[in-house]
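Q: I'd like to learn how to read a protein structure. Could you walk me through some features, one at a time?

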Amino acid sequence: MSRRVMALLMAAALTVGMALPLVGCSSAGNSAPELKSPTVSSPTIGQDGTLRVGVNTDQSPLAGKGNDKIIGIDVDIAAAIADELGLKLSIVDVGSDPVTALQENTVDIVMGVDSADSSTDYWLSDEYLPTAIALFATTENAPVPTKAEPPTIAAQSSSKSAWAVTNEFGAEAVKASTNLGDAFNQLSSDGVDYVASDAIIGLYAAHRQDVDAYIVALMSKPAGYCIAASRTNTDLQTVINEALSTLLTNGTVDVIEKKWLGVPLALDTVALTAGAQAGSTSSSSSSSDSSSSSSSSSSASGSSSASSSASATAADE
């Protein structure tokens with residue numbers, strides 16, 4: 001991991017809870033870390049010296065807005081990729097339309113694209129962030145629920161997670177909540193046995209509220225998020241996958257996940273419910289779960305680029 005990225009991420013990791021703003025790591029006695037020599041240039045990227053990265057700011061905590069800055073997990077990973085390539089970072093909100101952004105050359109790559117996306121309009125990298133519909137409990141050794149002993153499971157009303165619970169355990173198992181904040185409040189007060197949520201959004205919500213919650217089972221087989229790039233830009237595809245491999249191997253992505261979610265995200269060893277084993281629930285990473293709480297205005301902290309930081313509140317989707 002480079003000195004520059006480590007300095008940024010360690011400052012973030014020392015932040016206590018997601019409700020506190022990120023403290024800047026610069027001081028009068030410190031000089032800015034040196035930027036590596038660029039390893040790619042035009043026409044592989046559209047602007048020499050800068051990696052232009054698209055994100056969807058409606059996809060918190062992958063990306064969102066706070067204090068007029070774009071922040072989130074994807075932004076931090078993009079900053080690490082740019083650093084690995086010796087480039088500055090430019091973040092662009094492309095919404096949910098990566099195709100247009102790539103075709104019009106507004107950006108070089110787009111973060112947060114579902115690995116289950118069957119579009120042939122762009123190339124997808126290896127997965128860098130896994131997710132699935134997860135069941136959270138207050139203890140790590142909580143049993144995987146079964147139909148034989150129907151559990152009570154809090155889930156956000158009308159969400160994909162609520163549908164999954166109904167589909168596997170029946171409507172009587174669902175205890176609807178207006179948002180995930182309320183769901184985790186019910187869990188921490190022993191009002192329900194589990195919370196069902198997208199794994200990433202659930203960990204983020206629990207971390208924001210300082211609730212001890214653990215993923216104990218998955219209700220869908222894991223999918224994940226990838227980086228999209230032009231199908232014809234094979235040089236860029238190669239360097240992006242190489243940079244991702246480095247960041248996943250050297251622990252950079254783990255540090256970023258811990259900053260935003262409280263723990264590094266690993267789902268490959270988590271048990272599957274009977275429904276997930278049977279493949280009755282889609283493994284798509286898209287979800288309508290929201291991490292916002294009606295009773296709290298807590299904000300999430302993160303850096304919007306290599307040199308800036310801000311706080312953001314997750315909004316209902």
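A: Sure, let's start with burial: a residue counts as buried under 20% relative accessible area, exposed over 50%, and partly exposed in between, using a 1.4 Å probe and protein chains only. Tyr204, at 1% relative accessibility, therefore counts as buried. One caution about the source: this is a predicted model, where local features need pLDDT of at least 70 and side-chain atom pairs count only at pLDDT 80 or more, while totals for chains, interfaces and linings use all residues. Residues are numbered from 1 along each chain as its sequence is written, and side-chain values use heavy atoms, with hydrogens and water left out.

Q: Is Trp260 buried or exposed?

A: Trp260 has 2% relative accessibility, so it counts as buried.

Q: How do I read a pair of aromatic rings?

A: A pair of aromatic rings is described by the distance of the centres and the angle of the planes. Here rings of Phe, Tyr and Trp (its six-membered ring) pair if their centres lie within 6.5 Å; planes under 30 degrees apart count as stacked, over 60 as edge-to-face and the rest as tilted. By this rule the count is two aromatic pairs. Phe136 and Phe184 make an edge-to-face pair, 5.4 Å centre to centre and with 80 degrees between the planes. Phe136 sits in strand S8 and Phe184 in helix H5, 48 residues apart, and the pair links distant parts of the chain. Both of these Phe residues, Phe136 and Phe184, are buried. The rings of Tyr204 and Trp260 have centres 6.5 Å apart and planes at 45 degrees, so that pair is tilted. With Tyr204 in helix H6 and Trp260 in helix H8, the pair ties together parts that are 56 residues apart in sequence.

Q: What exactly are these helices and strands?

A: They're DSSP runs, numbered from the N terminus: helices are H or I with at least four residues, strands are E with at least two.

Q: At what angle do helix H6 and helix H8 pack?

A: Two packed helices are described by the angle between their axes and the distance between the axes. The axes are lines fitted to C-alpha atoms, for helices over the stretch in contact, and angles run from 0 to 180 degrees between N-to-C directions. H6 (residues 199-208) and H8 (residues 252-261) pack at about 55 degrees, with axes 8 Å apart. Angles under 35 degrees count as roughly parallel, over 145 as roughly antiparallel, 65 to 115 as roughly perpendicular and the rest as oblique. H6 and H8 are therefore oblique to each other. Contact means heavy atoms within 4.5 Å, and this one is made by Ile200, Leu203, Tyr204 and His207 of H6 with Lys258, Lys259, Trp260 and Leu261 of H8. Those residues divide into five nonpolar, one polar and two charged. For that split, Ala, Val, Leu, Ile, Met, Phe, Trp, Tyr, Cys and Pro count as nonpolar, Asp, Glu, Lys and Arg as charged, and the others, Gly among them, as polar.

Q: What about sheets?

A: Strands of a sheet pair through backbone hydrogen bonds, either parallel or antiparallel. Two strands pair if DSSP finds at least two bridges between them. In this model, five strands form an open sheet in the order S10-S9-S11-S8-S12, with mixed pairing. The edge strands, S10 (174-177) and S12 (214-218), each pair on one side only. S8 (residues 133-137) and S11 pair in the antiparallel sense over four bridges, and Ile133 has Asp198 in S11 as its bridge partner. H6 packs on the sheet too, touching S8, S11 and S12, and its direction makes about 120 degrees with that of S11.

Q: Which backbone oddities should I look for?

A: Most residues other than glycine have a negative phi, and most peptide bonds are trans. Asn105 has a positive phi of about 60 degrees although it is not a glycine, and Asp190 has one of about 65 degrees. Asp190 lies in the loop between helix H5 (180-188) and strand S11 (194-198); with a relative accessible area of 65%, it is exposed. The peptide bond from Ser60 to Pro61 is cis, with omega near 10 degrees.

Q: Which residues is Gly72 in contact with?

A: Leaving aside neighbours within four places in sequence, Gly72 is in contact with Pro61, Leu62, Ala63 and Trp260. The C-alpha atoms of Gly72 and Pro61 are separated by 5.4 Å. At 0% relative accessibility, Gly72 counts as buried.
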